[in-house]
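Reader: Hey, got a minute to walk me through this one?
Author: Sure, let's bring it up.

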Amino acid sequence: MIKVEDKSRCCGCEACVSSCPLQCIELVKDKEGFMYPQVDTARCIDCGKCEKACPELVEAKGSGGVTVYAAVNPDKEARLASSSGGIFTLLAESVLAENGVVFGARFDKDWNVIHDYTETKEGLEAFRGSKYVQSRTGETFKQAEQFLKEGRKVLFSGTPCQIMGLKRYLHKEYDNLLAVDFVCHGVPSPLVWRKYIEETLVRQDEKIQFRPTLNHLFLDEMPLIEGISFRNKCLGWKKYSFALILSKVTTAGEKNTVSLSRIFYDNAYMKAFLANLSLRPACYRCPAKSGKSGSDITLGDFWGIEKIAPELDDDRGCSLLIINNPKVRDELRKKGCLLAEFPISEILPYNLSTAYSVSMPNNRKFFWFMFDKAGFHKALMLATSTTFPIRALRKLFRLI
C-alpha cells in the first residue's frame with residue numbers, strides 16, 4: 001500500500017487514489033497546502049494497484065532520441081490568448097473536430113485550479129494559459145479512461161508527473177490518447193496561492209472601496225475577481241505580466257473595477273515561484289523529466305529563440321515542442337503550423353527545465369516558518385531580502 005514517509009517522494013498526481021478499487025485512499029492536506037495520500041488500513045486489501053500506479057515508485061526510462069522544434073500557431077488571436085505559441089489550442093481543436101474530448105486545468109468558481117474536460121471548442125478558453133498552482137486531477141483519470149474505452153479520441157494535458165500518473169493508472173497504451181505535458185518549473189502550493197489572493201484583496205481595499213474580510217473573501221457580498229492571467233502579453237511575450245481584475249458594485253449601484261498588472265519579476269507571487277520557495281518538495285527531484293512522463297508531446301516556451309533563430313521571434317510567443325510521437329508532428333504540419341527543428345544541445349542552455357529539476361533554496365524552511373507566522377508577503381520579503389540584518393536573521397534560523 002502507499003505510505004508517504006518522505007514527502008519528496010510524492011508528486012501529488014492522485015493516480016493512487018484513482019487506482020484503488022475500494023476507494024480507501026483519501027488525500028490529506030499538510031501545513032504547506034499540498035495533498036498527500038492516506039490509506040485506510042482497516043479497509044485496504046493490499047492489492048498493490050496504488051503502488052503500480054505511482055510515478056515515484058517505479059523507475060522510468062527517458063524517451064531516447066529527442067526532437068525539438070520551434071512552433072507557432074498560424075492563428076494570431078489564438079496565440080495572443082495563449083502563454084506561448086498557441087500549440088495546445090491547435091492540437092485541442094483538432095481532437096474536438098473528431099468528436100474527441102480535451103482535458104486540461106482551469107479555475108473553479110473560487111479560483112482554485114482543477115482538472116476538467118470539455119467536448120466543445122468554447123470550453124477550451126478555460127484551459128488556455130499557464131496556471132502556476134498545483135491542480136487537483138480528481139476524477140479525470142477515470143473519466144479519460146471511460147472515454148478511451150468508448151473509442152473516442154482524448155487529449156489529456158497536464159504536468160509531466162500527472163501524465164506519468166495517468167499512464168500508470170491506465171496500465172495500457174491507447175491509440176486514441178494524445179498525452180500532452182509541458183516543460184515544468186515546478187508546482188506551487190495552493191495554500192500560498194490562496195494566501196496571496198487574500199492578502200492582495202486586503203491591500204487593494206482602499207483603492208476600490210472594498211471591505212473584504214480574510215475569512216469571507218469569496219462570498220457574494222465580497223469583492224469579485226473577474227479575471228486572472230499569469231501570462232498576460234500586454235508588454236510582450238518575454239516580459240509577460242501577472243494580471244488580476246477586481247470589481248465590486250457599490251451600494252449606489254456603481255461598479256468599481258481595478259486591473260492590477262505587474263511584469264512577472266515584480267509580482268510577489270511570481271517571485272516566490274521563480275525563487276523555488278513555494279514548490280512541492282517532489283519538484284526538487286522530479287521523476288518525470290527528460291521524456292520519462294510518456295507524453296506524446298511536451299510544450300513549453302522557446303526561451304532563447306531571439307538568439308537561436310531571431311527570424312522566428314516576433315515577441316508574441318513561440319513554443320518549444322519536444323515531439324515523441326511522429327504522428328503529432330505530421331498533424332501539426334497539416335494544420336499549417338510553422339515548425340523549425342533544432343538540436344537539444346542548442347536549446348538546453350536557455351531551457352534547463354526541459355531536463356533538470358530546480359534546486360531547493362536554502363531559505364525554503366525559513367520561508368515556510370515565516371509564512372505560518374506572518375503570512376505570504378512578509379515571508380517572501382524576509383526570505384529574499386538582501387539587507388544585512390535579514391541575512392543575519394536567516395543565518396541564525398539555519399543555525400538554530
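Author: One term before we start: a contact here means heavy atoms within 4.5 Å. Also, this is a predicted model.
Reader: OK, so among contacts between residues at least 6 apart in sequence, what share join residues at least 24 apart?
Author: That share is 67% in this chain.
Reader: And how many helices and strands are there in the chain?
Author: The chain has 14 helices and 13 strands. Its radius of gyration is 22 Å, and the globule rule gives 21 Å for 400 residues, so the chain is as compact as a globular protein of that length.
Reader: What box do the C-alpha atoms fill?
Author: Roughly 60 × 55 × 45 Å, taken along the principal axes.
Reader: How much of the chain is buried?
Author: Of its 400 residues, 53% count as buried. The chain exposes about 19400 Å², with carbon and sulfur atoms supplying 51% of that area.
Reader: Switching to charges: how far apart are the mean positions of the positive and negative ones?
Author: They are 5 Å apart, with 56 positive and 48 negative charges in the chain.
Reader: Now glutamate 173. Where is it?
Author: Glutamate 173 is in the loop between helix H6 (160-170) and strand E7 (177-182).
Reader: Is glutamate 173 buried or exposed?
Author: Exposed, because its relative accessibility is 59% and the cut-off for exposed is over 50%.
Reader: Which side chain does glutamate 173 make a polar contact with?
Author: The side chain of lysine 167, at 3.0 Å.

Definitions and conventions:
Residues numbered from 1 in each chain as written. Predicted model: local features only at pLDDT ≥ 70, side-chain atom pairs only at ≥ 80, totals over all residues. Heavy atoms only, no water. Helix = DSSP H or I, 4+ residues; strand = E, 2+ residues; numbered from the N terminus. Rg over C-alpha atoms; globule rule 2.2 N^0.38 Å. Buried < 20%, exposed > 50% of the residue type's maximum accessible area, 1.4 Å probe, protein only. Areas by Shrake-Rupley, 256 points an atom, 1.4 Å probe, with all protein chains shown as cover. Lys, Arg positive; Asp, Glu negative; His and termini not counted. Charge placed at Lys NZ, Arg CZ, Asp CG, Glu CD. Polar contact = N/O pair within 3.5 Å; in protein donor to acceptor, adjacent residues only side chain to side chain.
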